[in-house]
Amino acid sequence: MTWVVCNLSDAEAAAFLTMDACMRFEGEIVNSNSMSTLRKVQVENRTYFLKIYHRRGKGLRRFIGRSRVRAEWENLQLFKDLCVPTARLVAYGEQQNTGIVITEEVSGTVDLVNLAESHPKGLTRYCVEKIIDRLTMHVRNLHSHGFIHSDLKWRNILVGGTGNEVEVYIIDCPQGRKLVGPLFRRGVLKDLACLDFDAKYRLSKTMRMRFYLKYRERDRLNSRAKREIHKILHFFDGK
């Protein structure tokens, strides 16, 4: 069995010191499926998310390779090493087919979907530009190290702060991994397509183009960029 705790406070240590103790936590169920159950728990007025995996993964991952839970905690550690803002990892471990990842809530944040829905008339241009500046920097950082998130939807992007202090956090990454060659290039397209899938319903074409140009660090499109945009826009066709 693997069980690791990460610089816990006294209250956290009392709550999360062992995997068995965490398995007995109840709390509010945020999401549940055949793969995992996500619970929100409170410890001394602080909020934590306790994700219990019921199996190693889908397909071959059920038997060989890195388990889904191990991928999640290792990806969170990678984000920290690369200075990509994410949820704080509190404790993690696995035993046979069961695994747990515990993270602390990123206080004062809201995911991009709820942020957009809370502004019926749309987010201000200033706010969108600040979010794009931070998000493109973090996504480009991950991609520059060969890492693909693989589920980069708006619900997995948190925004906090106000004015010039806006920060973007990337969370929930059990499917992410490092790739090379054609698989990496396809992964980049998928990450950008995931981001644009929500953006096309909530942002103007100008703002969506700003994101792409900022991500690619360009001032204007060339023929190669136009081909890539076409692939991004049609990535999910027929899927």
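Begin the tour by selecting T47, a buried residue with a relative accessible area of 12%. The structure on display is a predicted model, and every stop below refers to that model.

**T47 and its surroundings**

T47 is placed in strand β4. Display its side chain together with that of Q42: a polar contact of 2.8 Å joins the two. Then show the contacts of T47 beyond its neighbours within four places in sequence, namely K40, V41, Q42, E104 and E105.

**Strands on either side of β4**

Select next residues 36-43 and 46-53, which are strands β3 and β4. The two pair in the antiparallel sense over 8 bridges. For one bridge of β4, highlight K40 and F49, which are partners.

Turn then to β6. It runs antiparallel to β4, and 6 bridges join the two strands. Y48 has E104 in β6 as its bridge partner. Colour β6 by accessibility as well: 6 of its 7 residues are buried, so the strand is largely enclosed by the rest of the structure.

**The β5-β6 hairpin**

Extend the selection to β5. This strand pairs with β6 in the antiparallel sense over 7 bridges, one of the matched pairs being Q95 with T98 in β6. β5 and β6 form a hairpin with 2 residues between them. Centre the view on Q96 in the turn, where phi is positive, at about 55°.

**The whole sheet**

Now select the sheet in full. Its 6 strands form an open sheet with antiparallel pairing, in the order β1-β5-β6-β4-β3-β2. Which strands stand at the edges? They are β1 (2-5) and β2 (28-32); each has a single partner strand, so one side of each is left without a neighbour in the sheet. From one strand to the next, the twist averages 15°.

Add helix α3, residues 68-81, which packs on the sheet. The helix touches β1, β4, β5 (88-95) and β6 (98-104), and its direction makes about 155° with that of β5.

**The nonpolar cores**

Move on to the largest nonpolar core, which holds 42 residues. Select L135, I170 and L195, the members that touch the most other members. Helix α6 (residues 181-202) gives the most to this core, with 7 residues. Centre next on L195: leaving aside its neighbours within four places in sequence, L195 is in contact with L135, V139, L152, W154, I157 and F211.

Apart from this core lies another, of 16 residues, and F16, M19, C22 and V43 are among them. In soluble globular proteins, nonpolar side chains tend to be buried together.

**Aromatic rings**

For the last stop, display the aromatic side chains. A search of the whole structure finds 7 aromatic pairs. For the pair of F16 and F25, the ring centres are 5.6 Å apart and the planes stand at 40°, so the pair is tilted. Is each of these two residues buried or partly exposed? F16 is buried, with a relative accessible area of 0%, while F25 counts as partly exposed at 22% relative accessibility. The limit for buried is under 20%.

Finish by selecting F197, Y201, F235 and F236, which form one aromatic cluster.

Note on methods:
Residues numbered from 1 in each chain as written. Predicted model: local features only at pLDDT ≥ 70, side-chain atom pairs only at ≥ 80, totals over all residues. Heavy atoms only, no water. Phe/Tyr/Trp six-rings, centres within 6.5 Å; stacked < 30°, edge-to-face > 60°. Buried < 20%, exposed > 50% of the residue type's maximum accessible area, 1.4 Å probe, protein only. Pairing = 2+ DSSP bridges. Helix = DSSP H or I, 4+ residues; strand = E, 2+ residues; numbered from the N terminus. Axes fitted to C-alpha atoms, helices over the stretch in contact; angles between N-to-C directions. Contact = heavy atoms within 4.5 Å. Polar contact = N/O pair within 3.5 Å; in protein donor to acceptor, adjacent residues only side chain to side chain. Core = buried A, V, L, I, M, F, W, Y, C linked by side-chain atoms within 4.5 Å.
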